[in-house]
Amino acid sequence: MPEHSTRVRDVAALRGARVGRVEKSDDSLRPFRLLDADGTEVAAVSEFLHHMLADDASVLRL
């Protein structure tokens, strides 16, 4: 059996529960933050987005 499958996965068909929301902030270093269903910031995701920007990822692609 091959280690990696060559079959293409249709990721457009994936469905997940919609809980929480993404919110724009006034902080240019952290322009977006993810809030959970209770409105609490998901710190791990915010930190990930901050590192993406620090690595020169465009806000337009986030």
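# Two strands, one helix and a salt-bridge network

The chain has 1 helix and 2 strands. Helices (H or I, at least four residues) and strands (E, at least two) are DSSP runs, numbered from the N terminus. This is a predicted model: local features need pLDDT of at least 70, side-chain atom pairs count only at pLDDT 80 or more, and totals for chains, interfaces and linings use all residues. Residues are numbered from 1 along each chain as its sequence is written, and side-chain values use heavy atoms, with hydrogens and water left out.

Q: In what order do the elements of the chain run from the N terminus on?
A: Strand S1 covers residues 21–24 and strand S2 covers residues 32–35. Helix H1 takes residues 43–54. From the N terminus on, the order is β-β-α.

Q: What share of the residues in the chain is buried?
A: Buried means under 20% relative accessible area, exposed over 50%, and partly exposed in between (1.4 Å probe, protein chains only). The chain has 62 residues. Buried residues make up 10%.

Q: How much of the area that the chain exposes do carbon and sulfur atoms supply?
A: Accessible areas come from the Shrake-Rupley method with a 1.4 Å probe; for residues, only the protein chains shown count as cover. The chain exposes about 5,800 Å². Of this, carbon and sulfur atoms supply 54%.

Q: How many salt bridges does the structure hold?
A: Side chains of opposite charge can pair when their charged atoms come close. A salt bridge is a side-chain nitrogen of Lys or Arg within 4 Å of a carboxyl oxygen of Asp or Glu. By this rule, the structure holds 4.

Q: Which residue meets Glu23 in a salt bridge of 2.7 Å, N to O?
A: Glu23 also forms a salt bridge with Arg21, but there the closest N and O atoms are 3.7 Å apart. The 2.7 Å pair links distant parts of the chain, 10 residues apart: Glu23 sits in strand S1, its partner in strand S2. A polar contact of 2.7 Å joins these side chains as well; the term means a pair of N or O atoms within 3.5 Å, where within protein one must be able to donate a hydrogen and the other to accept it, and residues adjacent in sequence count only if both atoms are side-chain atoms. The partner is Arg33.

Q: Which residues are linked in a network of salt bridges?
A: Glu23 pairs with Arg21 and with Arg33. Arg33 also meets Glu41, at 3.7 Å, N to O. The linked residues are Arg21, Glu23, Arg33 and Glu41.

Q: What does Arg21 count as, buried, partly exposed or exposed?
A: Its partner Glu23 has a relative accessible area of 25% and is partly exposed. Elsewhere in the network, Arg33 has 29% and Glu41 has 34%. Arg21 is at 45%, so it counts as partly exposed.

Q: How far apart in space are Glu23 and Leu35, C-alpha to C-alpha?
A: Contact means heavy atoms within 4.5 Å. Leaving aside neighbours within four places in sequence, Glu23 is in contact with Pro31, Phe32, Arg33 and Leu35. Glu23 and Leu35 are 12 residues apart in sequence. In space, their C-alpha atoms are separated by 7.2 Å.

Q: Which residues of H1 are buried, and where do they lie around the helix?
A: The buried residues are Ser46, Leu49 and Leu53. Seen down the axis of H1, they fall within an arc of 65° (taken from the directions from the helix axis to the C-beta atoms), so they line one face of the helix.

Q: What do the buried residues of H1 pack against?
A: Ser46 is one of the buried residues in H1. Leaving aside neighbours within four places in sequence, Ser46 is in contact with Arg30, Arg33, Leu34 and Glu41. Ser46 and Leu34 are 6.5 Å apart in space, C-alpha to C-alpha. The buried residues of H1 pack against S2.

Q: Which exposed residues does the face of H1 turned away from its buried side carry?
A: The buried side of H1 holds Ser46, Leu49 and Leu53. The face turned away from it carries Ala43, Ala44, Phe48 and Ala54.
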